[in-house]
Amino acid sequence: MRTLAKGALFAAAVLTAATGAIAAPATAGTSSTLATWTVSPGGAWTAKATSPKLTDTKTGTKLTCSSSTAAGVLKSGSGLSNPLSTITSVGWTSCSGPLGITFSVTAQNLPWSINGSTYAAGVTTGTVTGVKAHISGAGCTADFAGPTSTTAATLTGTYSNATNTLTLSGGDLHAYNVSGSCLGLLNNGDAATYNAAYLLASPQAITSP
């Protein structure tokens, strides 16, 4: 009887382990980062955003530009891994904040990288990494980087095949080296968000199995 009981327990344990092994990949597949991508046609791209906005989430200060342009190079083909694209240039025009203060914005640490994380129904969710920038205006200057002043920031976003639009939001931007007459509108260590929707000049399709 003891032998039979031990055998039954062993069989139950094996069955449980086997069931778990079968079920585990399905669960992992719904939440894991996709490993391979397809990009068509790929190659050089340019894009433009209207009214991009940088917001200091602590003070509520908003810096809005009339437009922003970006350019880069996408990988091409199938079975691709991250990064899917580099951003080689970014520019902003006519940027202003509270009290009518005007600013110039300069991208730093280029090239930045575009990485895919998940894909569903023609929309890729991912990140833009390596992000740093400098703003200057009316005696007020500041740098924007990541969790520390020496690390680059990561922005979150999506790319839609239907609209050919890269939409950026969120991330871990912070203000550093704030100096001059910023009037408390920006402070060292303040978290910030960058929101912009870049419409690509020519269609690009990003998909993943």
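1. The protein chain exposes about 10,500 Å², and 63% of that area is supplied by carbon and sulfur atoms. The model is a predicted one, and the area is computed from it.

2. Of the 209 residues in the protein chain, 37% count as buried. The secondary structure consists of 1 helix and 15 strands. Taking contacts in the protein chain between residues at least 6 apart in sequence, 65% join residues at least 24 apart.

3. An open sheet is formed by 3 strands, in the order β5-β1-β15, with antiparallel pairing. Its edge strands are β5 (77-80) and β15 (205-207), each of which pairs on one side only. From one strand to the next, the twist averages 20°. As background, strands of a sheet pair through backbone hydrogen bonds, in either a parallel or an antiparallel sense.

4. Within this sheet, strand β1 covers residues 37-40 and pairs with β5 in the antiparallel sense over 2 bridges. For V39, the bridge partner in β5 is G77.

5. S78 also lies in strand β5. Is S78 buried or exposed? The cut-off for exposed is over 50% relative accessible area; S78 has a relative accessible area of 57%, so S78 is exposed. Leaving aside residues up to four places away in sequence, S78 touches W37 and T38. Residues 37-40 make up β1, so both of these contacts of S78 fall on the strand that pairs with β5. The C-alpha atoms of S78 and I206 are separated by 9.8 Å, with the two positions 128 residues apart along the chain. I206 falls within the range of the edge strand β15 (205-207).

6. N187 sits outside the strands, in the loop between β13 (173-180) and β14 (191-200). Partly exposed covers the range between the buried limit, under 20%, and the exposed limit, over 50%; at a relative accessible area of 28%, N187 is therefore partly exposed.

7. Which residues does N187 touch, not counting residues up to four places away in sequence? The contacts are D56, T59, A175 and V178. Of these, A175 and V178 have numbers within the range of β13 (173-180). The side chain of N187 also reaches the backbone oxygen of G184, at 3.3 Å. N187 and A142 are 45 residues apart along the chain, and their C-alpha atoms are separated by 8.8 Å.

Key: Residues are numbered from 1 along each chain as its sequence is written. This is a predicted model: local features need pLDDT of at least 70, side-chain atom pairs count only at pLDDT 80 or more; totals for chains, interfaces and linings use all residues. Side-chain values use heavy atoms; hydrogens and water are left out. Helices (H or I, at least four residues) and strands (E, at least two) are DSSP runs, numbered from the N terminus. Buried means under 20% relative accessible area, exposed over 50%, partly exposed in between (1.4 Å probe, protein chains only). Contact means heavy atoms within 4.5 Å. Accessible areas come from the Shrake-Rupley method with a 1.4 Å probe; for residues, only the protein chains shown count as cover. Two strands pair if DSSP finds at least two bridges between them. Axes are lines fitted to C-alpha atoms, for helices over the stretch in contact, and angles run from 0 to 180 degrees between N-to-C directions. A polar contact is a pair of N or O atoms within 3.5 Å; within protein, one must be able to donate a hydrogen and the other to accept it, and residues adjacent in sequence count only if both atoms are side-chain atoms.
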